[in-house]
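Visitor: Could you take me on a close look at the place where ligand 1 sits? I'm new to this, so please spell out the terms as you go.

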Amino acid sequence: RAKAEGGNRFALADPDSDARAISRHHLTHHLPAALRGAEFFIEYQPLVKMRDGSLEGAEALVRWSHPRHGVLGPDRFIPLAEHTGLIVPLGRWVLREAVRQACQWQVRGIGGARPLKVNVNLSPRQLHHPELVEDTIAVLEEAGLPPSSLCLEVTETAMIRADENELRPLRQLADLGVGIALDDFGTGYSNLANLRRLPASTLKLDRSFTQGLQRAPADPVDLKIVEGIVSLAHTLELSVTVEGVETSTQADQLRDLGCDSAQGWYYARPGPPERLPEAV
Ligand code: C2E
Ligand code: MG
Ligand code: MG
Ligand code: MG
């Protein structure tokens, strides 16, 4: 775990108790300087096509390399950045950086004939920012990345809370070819009929469903639930990506249930961009 989080000595010593000791106030206070001082970095976790195991792309996951507290995961600072509004410039930085990185992979031909995609998480505050569409188009054009090589991940919860005005920017981006994924699906109590009105192209099934399939044979009800979600998603022409696949047992069952793509430690942990070619 320490290795996955950057391998710093602090994390090895005692990641959680140290992290807990840092106050929210302290982190919030230092966020702006951290952004100016380039203390953030991105790890990429491979997304794999289940049918043939080929590399499809990667999700960009931000980390904070804190000068005193070591590497902090996004759960420690994204909510604070969201609260203070700093998520907007931070998110813009992640987007620009990830798009630039995807462009490099494509130029170097990593992933073979199919161009690799990059997934970037969007928080609710970014979703509501008036310049989301403009900014995103500008970032894609600046790097020269085709819109279809970018997928924006919005949690199911944020998406179902959005009204028509708030969905419009996502729809505009979707019309340009940008993929939209419903992240952590299954945790947000969607009105299933409502899924139809969302501009999503992919449903990312939350890790909690994957966890139910750790043993074979899995609980038949767990299997039926995933089967039902996959079938509903496919009816709505959404592809299904599963999160948190940790074992071959899970991978086999999820493939047999018709899931299209997968992400998880079984395939690869999040890592620096240089490591992605090894995942091909
Ligand atoms: P997420 O988008 O659902 O990302 C997947 C999380 O699951 C990542 O945690 C990843 O490291 C972890 N994961 C992947 N495979 C496995 C596995 O097999 N087992 C287990 N137990 N975990 C696995 P991480 O990197 O800590 O990110 C947590 C959350 O922080 C993300 O959840 C996302 O919601 C948010 N986040 C990360 N980067 C950004 C960002 O740039 N902007 C925004 N707004 N949110 C971000
Ligand atoms: Mg995500
Ligand atoms: Mg997710
Ligand atoms: Mg998740």
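Guide: Here is a walk around ligand 1, then on to the metal ions.

A bit of housekeeping: residues are numbered from 1 along each chain as its sequence is written, while chains are lettered from A and ligands numbered from 1 in the order in which they are written. This is a predicted model, where local features need pLDDT of at least 70, side-chain atom pairs count only at pLDDT 80 or more, and totals for chains, interfaces and linings use all residues, and side-chain values use heavy atoms, with hydrogens and water left out.

Okay, who's around ligand 1? It has 24 residues surrounding it, and the closest are Arg63, Asp183, Arg207, Glu246 and Trp265. To be counted as near, a residue needs one of its heavy atoms within 4 Å of the molecule. Sorted by class, that shell holds 9 nonpolar, 6 polar and 9 charged residues. Here Ala, Val, Leu, Ile, Met, Phe, Trp, Tyr, Cys and Pro count as nonpolar, Asp, Glu, Lys and Arg as charged, and the others, Gly among them, as polar.

Now for the polar contacts, meaning pairs of N or O atoms within 3.5 Å. Glu246 puts a polar side-chain atom 2.5 Å from a nitrogen atom of ligand 1. Val62 joins in through its backbone, with a polar atom there 3.2 Å from a nitrogen of the ligand. Glu243 has a side-chain N or O atom 3.2 Å from one of the ligand's oxygen atoms. On its own, ligand 1 has 810 Å² of accessible area, and the protein covers 84% of that; the area comes from the Shrake-Rupley method with a 1.4 Å probe.

Which elements give two or more residues to the shell? They are strand S2 (55-66), helix H4 (74-84) and strand S6 (179-185), and S2 has the largest share, with 4 residues. Helices (H or I, at least four residues) and strands (E, at least two) are DSSP runs, numbered from the N terminus.

Glu243 turns up again at the magnesium ion called ligand 3, which is coordinated by Asp183 (OD), Asp184 (OD) and Glu243 (OE), at 1.6 to 2.6 Å. Donors are N, O and S atoms within 2.8 Å of the metal (3.2 Å for Na, K and Ca), and water is not among the atoms, so sites may look incomplete. Along the sequence, the donor residues are spaced D-D-x58-E. Finally, the magnesium ions ligand 3 and ligand 2 are 3.6 Å apart, and Asp183 coordinates both.

Methods:
Polar contact = N/O pair within 3.5 Å; in protein donor to acceptor, adjacent residues only side chain to side chain.
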